[in-house]
Structures are given as C-alpha cells and as structure tokens.
Amino acid sequence: AWRRFFPATTLKQYVPPPIVLVPKSPIVTDNDPVRGSKTARHTLVEFGDFECSACRWNASFEDALLAKHPDLRLVWKDAPSADHFFARTAALAGYCAQEQGKFWEFRKGLFEIGTPVEIMIIEVARDIGLTLIRFNDCRHQESTARRIDSAVLQALALDINATPFYFLDGQPLGVLGSLEEFTAALSAVKK
C-alpha cells in the first residue's frame, strides 16, 4: 500500500536527511586553545566573547585558579555575540593567533585594550610577535570562518545565551564571576 505514496522512482531518488546529533556537553578538539595540562583530570570549558566585559574580568583570575587547581585545564570556545560588533572579527583573529601558538597572549592583549576594533587587533598581533601576513591571510580564509561557525553552532545547541558560560567535566556551571564561585564549583565536582 505504501507504494501508492512513494512510486519506485521516488524511492530510488530519496536521500534521507543527515542525522544531526545535538551535543549535551562541549566537544573539545585538538584545535581548541588550552591552558594547563592537556592530560588534566578536570576540564573547564569557557564559551566566551572577546567583547564580553565579564569574560575580561574572569580572565584576570585564571592564573590564580589554575595555580590553585593543577589538575584543571581551561579550554576556550568562541561564542561571539551578535550584539557585539567586533566579536566575530576578534574570534577569527583569536583562531589565527592560535594557529601561531599565541592564542592566550592574544586574548590577554585584547582584554587589556577593551573593545577589539580592527586597528587594535593588528596592534596586539604585532605586539605579541605574530607573523602578520600569515595572520591576516588566516583571518580571511573560509576554513577559519567555518571553525568559528562550528563553535557558535555548538554554543547554540547547548542553549548558551550568555558569556562567559562554563562547563566543568561536561556539566554546565553557567555564568560564574569570581574565583570563589569557581573554587566552590570545583570542590563540589571533586567530592
């Protein structure tokens, strides 16, 4: 009876839609910027935005957090807000700094200047010693845009609607804003 609805020619032409698996926790890849030991027992994933003032604030105590918890690694995932005019441009630039092994230095430089306008992005890249021709070529490649889009899609799939948003060992912590909040969250997980 089903052949009435799907003639043989239609069945041969039918291509099922791709199966899309929605992650329940962040997918960490080898391309993601990591601070701390890659083999650390605990993984803290931050979905952040270079124009996010709370992300900038939290970066100020990351050294203390990692020093206090040597069994922790921090992974950055881009989640540039559509409300922040330069956030996507800065995310592209951050990925290209990562390609030259200087993501964290680049991030620190951008957070120190505040709003990452184009001229400041180039200035930070120069200051930290990036090869500017390679850096600028990377920022305009389609593969770089796809990498940022992939991180944004992951953030959307995880229902992240604010930055900085954190996951600890795959479990959502939400938006945290102090060293004490991080320490409490880590202590709860380690029990």
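Three short exercises follow, all on a predicted model.

**Exercise 1. The nonpolar core**

Find the residues with the most contacts inside the largest nonpolar core, and the helix that gives the most to it.

*Solution.*
- Start with the core itself: it has 38 residues.
- Inside it, Leu-44, Phe-106 and Phe-135 have the most contacts.
- Next, look at the helices. Helix α4 (residues 87–99) gives the most, with 7 residues.
- Another core, of 10 residues, lies apart from this one and includes Val-45 and Phe-167.
- Now take Phe-135 and set aside its neighbours within four places in sequence. Its contacts include Ala-93, Cys-96 and Ala-97, as well as Phe-106 and Leu-130.

**Exercise 2. Helix α4**

Compare the span of α4 with the expected value, then list its buried residues and what covers them.

*Solution.*
- α4 has 13 residues.
- From first C-alpha to last, α4 reaches 18 Å, close to the 18 Å expected at 1.5 Å a residue.
- Apply the cut-off for buried: under 20% relative accessible area.
- The buried residues are Ala-87, Ala-90, Ala-91, Leu-92, Ala-93, Gly-94, Tyr-95, Cys-96 and Ala-97.
- Their cover includes β3 (72–78), α5 (103–113), α6 (118–127), α7 (132–139) and α8 (142–157).
- After the helix comes Gly-101, with a positive phi near 75°.

**Exercise 3. The cavity**

Describe the lining of the largest cavity by class and by element.

*Solution.*
- Count first: the structure holds 1 cavity of 30 Å³ or more.
- The largest cavity has about 40 Å³ of space.
- Its lining has 6 nonpolar, 1 polar and 2 charged residues.
- Among the lining residues are Leu-44, Glu-46, Asn-58, Glu-62 and Tyr-166.
- β2 (42–48) and α3 (62–68) each supply at least two residues of the lining.

Definitions and conventions:
Residues numbered from 1 in each chain as written. Predicted model: local features only at pLDDT ≥ 70, side-chain atom pairs only at ≥ 80, totals over all residues. Heavy atoms only, no water. Core = buried A, V, L, I, M, F, W, Y, C linked by side-chain atoms within 4.5 Å. Buried < 20%, exposed > 50% of the residue type's maximum accessible area, 1.4 Å probe, protein only. Helix = DSSP H or I, 4+ residues; strand = E, 2+ residues; numbered from the N terminus. Contact = heavy atoms within 4.5 Å. 1 Å grid on protein atoms, 1.4 Å probe; cavity = no way out; pocket = protein on both sides within 12 Å on 5 of 7 lines; lining within 4 Å. Points joined across faces, edges and corners; volume = space filled by probe spheres on them. Nonpolar A, V, L, I, M, F, W, Y, C, P; charged D, E, K, R; others polar. Expected span 1.5 Å × (residues − 1).
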